[in-house]
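Student: I am new to this one. Could you walk me through reading it?

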Amino acid sequence: MIFKRSRTRSAPQEVPAVIPPGTKAGVKAGSILDPNEPSGPRDTAWQRARDNYRLVSPLNRRKFSIIVVGTGLAGAGAAATLADLGYDVTSVTYHDAPRRAHSVAAQGGINAARAKKVDNDSIHRFVTDTVKGGDFRGRESEAFRLAEESARVIDHMNAVGAPFAREYGGSLATRSFGGVQVSRTYYTRGQTGQQLQVAAASELARQVRAGRVKQYVRHEMVDLIVKDGQASGVIVRHLLTGELKPLLAHAVVLATGGYGNIYFRSTLAKNSNASAAWRAHRRGAHMAMPSFVQFHPTALPISSEWQSKTILMSESLRNDGRIWVPATPGDVRPPNEIPEEERDYYLERKYPAFGNLTPRDVASRAAKEAIDGGFGVGPLKNSVYLDFRDAIARLGLETIASRYGNLFHMYHDATGEDPTTSPMRIAPGAHFTMGGLWADYQLMTSIPGLFVAGEAGFGYHGANRLGANSLLSACVDGWFTIPYTVPNYLAGKLGQPLLDPDDPAVTETMADAYARFDRLLGIGGTRPPRDFHRELGEVLYSGCGVSRTREGLTHAIGAIRDIRERFARDLLIAGPVDRVNQELEYAGRVEDYLQLAELMCVDALEREESCGAHFREEYRSDTGEAKRDDSTWASILAWETGSWDDTPTFTRHVEPLSFEAVPLEVRDYR
Ligand SMILES: Cc1cc2nc3c(=O)[nH]c(=O)nc-3n(C[C@H](O)[C@H](O)[C@H](O)COP(=O)(O)OP(=O)(O)OC[C@H]3O[C@@H](n4cnc5c(N)ncnc54)[C@H](O)[C@@H]3O)c2cc1C
């Protein structure tokens, strides 16, 4: 690696005085991790990094094979760009078409510090919002990369066909998202992800047609091949025939999305899962801050125990919708009969500076407090109102409908209610995972040759992601980071052959994959994987949800172990291994969740502070807000786990954080 440990321009602010010792049962203290950031000032670090990355000559690029798993915004961008540069690229997705990746479901928008509005936005302000929004638990250097590349992302996606909304005069339109006081979110009504994903998938298709990308659809990565400590390929399973096959490469990029579905009911596409990242973890890739999970304040509430999903109503609605509950607990009057003075617009009351656009962690916690306090509305008293009455009166129904029409239709389809005549009902729902595979500044994991991009990684967002920063981070990784950092790694490997398919590293990993499917099919119990997943979701929502306690987390760990034991004894999978078998696919994913869930709780238990979405009730300020402990926990925790055959052991590595451009401060949105 070409970079030395970061040295900052001025003395970095408050590095942790003590590297926290591993104190909990089963937790061992590991090593100090090096982020491999360029030395020198952070605001110019990305340019210096790019200037110093090694290059591969155009004549040599086709000699390198790269596998990109995932075709969402991160994976499609990385595969299309690397292929365009001349590398031999293989793209893998379990979907039947690349454009079906979960990114297609994103709604509200994508941020950029493009500063076309005269509202005093800037790169520095973007970095400040992102670092502060993440409650100082992310790398400042990466926030700069995100901000710097953001304008290029908008221009690039515009050029490859994403039709952003425009003002009457023709310039691109923007709106605001939570945690900021400027208007930097570019959008396409409530379908931004769809339009970006279609454009990215078209770019990938162009490279496939040109013969520069081999595309494997309906293939699931089930394991990672590691030889002499280097990532050397993946094992994929053909989802129609069950055939297992090794794919070999000089480098592997995982762009496999987030793991929010571990909560069973989440806003994610139903088949998003943790398995690719978790399989890599089992082969040695560290998992960073897995308990950092974002609960979106504007998901739809659960209305029946049998519901298997929750639906997102985009944060963009908070530009015009006002959130409130009745001022009196247990008030069962229809919302339109509750007079103004008997409503509590609690976000506007508690956080007047940001109001309804407070960041998601703050808004979700406030909603939970209102619901737990007996102020919840709806048949199950588990939601709060999001009301467009005032905006419609001010701007007219036509204007509001033109901004949010498709979201209003979605709400109407899901609930049968018309949000233009009666307020929406919303509640916090599991949404986005800030945690993920640990990677250095080059996006390389702790396994050399294994890179991670998009939501599968942990970067940029710290303990709380700002709305519309995730489509951006997936694009920055895919189009403008991986295409520099993977070649930088490959440049030193010219002449290195691909692994021989008969190498024991390949045959043994194949044998492990076969054995795993045989074992799962052979359990022969009575309960389908969904039952265990549903149970796990309930344990996680209550033990490792919007707020956490020592007692609740300890209890959750016991409950997860119990589900895991019963899963190993009582799982039933109908159907064989050698044809379409979605129960078998699901069982593998649930087995992985049952391990990851325990690590999430261990991570949350270990971090004895509150920060961002990780709210430990024991650590709150006098005003009830999250109380960080920077002297001990200004760090990224990255986990290695031992054998899972018996009681697992956890080794906790630490990457200390420091802040140069954005001084540490108590987050205050009041
Ligand atoms: C409802 C909703 C709305 C959102 N709206 C916004 C928004 O407005 N703005 C914003 O910034 N963010 C938004 N987000 C977050 C954002 O959509 C995601 O973080 C982002 O799209 C993730 O992109 P990705 O490329 O990392 O992964 P994904 O788009 O999740 O793609 C993952 C890919 O990996 C593949 N894959 C996974 N595992 C395997 C495997 N084992 N084998 C083979 N292939 C595999 C999948 O097939 C898929 O192609 C939203 C999220 C949700 C849930």
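Tutor: We will take the ligand, then the cavities, a pocket and a sheet.

Student: What kind of model is this, and how are residues numbered?

Tutor: This is a predicted model: local features need pLDDT of at least 70, side-chain atom pairs count only at pLDDT 80 or more, and totals for chains, interfaces and linings use all residues. Residues are numbered from 1 along each chain as its sequence is written, and side-chain values use heavy atoms, with hydrogens and water left out.

Student: Which residues come nearest to the ligand?

Tutor: A residue is near a molecule if one of its heavy atoms lies within 4 Å of it. Here 37 residues surround the ligand, and Ser103, Gly108, Glu455, Ser470 and Leu471 come nearest. By class, this shell has 16 nonpolar, 18 polar and three charged residues. Ala, Val, Leu, Ile, Met, Phe, Trp, Tyr, Cys and Pro count as nonpolar; Asp, Glu, Lys and Arg count as charged; the others, Gly among them, count as polar.

Student: Which elements supply at least two residues of that shell?

Tutor: Helices (H or I, at least four residues) and strands (E, at least two) are DSSP runs, numbered from the N terminus. For the shell, α2 (73–85), β8, β17 and α11 each supply at least two residues. The largest share, three residues, comes from β8.

Student: Which polar atoms lie close to an oxygen atom of the ligand?

Tutor: A polar contact with the ligand is a pair of N or O atoms within 3.5 Å. In the side chain of Ser470, an N or O atom is 2.5 Å from a ligand oxygen. A polar backbone atom of Gly108 is 2.7 Å from a ligand oxygen. For Ala74, a backbone N or O atom lies 3.0 Å from a ligand oxygen.

Student: How much of the ligand's accessible area does the protein cover?

Tutor: Accessible areas come from the Shrake-Rupley method with a 1.4 Å probe. On its own the ligand has 1,000 Å² of accessible area, and the protein covers 98% of it.

Student: How many cavities does the search find?

Tutor: The search uses a 1 Å grid over the protein atoms alone; a cavity is a set of points where a 1.4 Å probe fits but cannot get out, and lining residues have an atom within 4 Å of a point. Grid points are joined across faces, edges and corners, and a volume is the space filled by probe spheres set on the points. Seven cavities of 30 Å³ or more turn up in the whole structure. The largest has a volume of about 140 Å³.

Student: What lines the largest cavity?

Tutor: Its lining has 21 residues, with Gly454, Gly457, Phe458, Gly459 and Asp477 nearest the centre. Two or more lining residues come from each of β17 (424–433) and α11 (470–480). The most come from α11, with four. By class, the lining has nine nonpolar, seven polar and five charged residues.

Student: What about the second largest cavity?

Tutor: Its volume is about 100 Å³. Of its 14 lining residues, Glu220, Val222, Arg516, Phe517 and Gly588 are closest to the centre. Here α16 gives the most, with five residues.

Student: How does a pocket read?

Tutor: A pocket is an open set of points with protein on both sides within 12 Å along at least five of seven lines. The second largest pocket has a volume of about 670 Å³. It is lined by 24 residues, and Arg282, Glu591, Gln595, Trp644 and Asp645 lie nearest its centre. The lining includes 13 charged residues. The most come from α13, with six.

Student: In what order do the five strands of the open sheet run?

Tutor: Two strands pair if DSSP finds at least two bridges between them. The order is β13-β17-β16-β14-β15, with antiparallel pairing. At the edges stand β13 (293–299) and β15 (343–344), each with a single partner strand, so one side of each has no neighbour in the sheet. Two bridges join β14 (residues 322–326) to β15. One partner pair is Val325 with Asp344 in β15.

Notes. A polar contact is a pair of N or O atoms within 3.5 Å; within protein, one must be able to donate a hydrogen and the other to accept it, and residues adjacent in sequence count only if both atoms are side-chain atoms.
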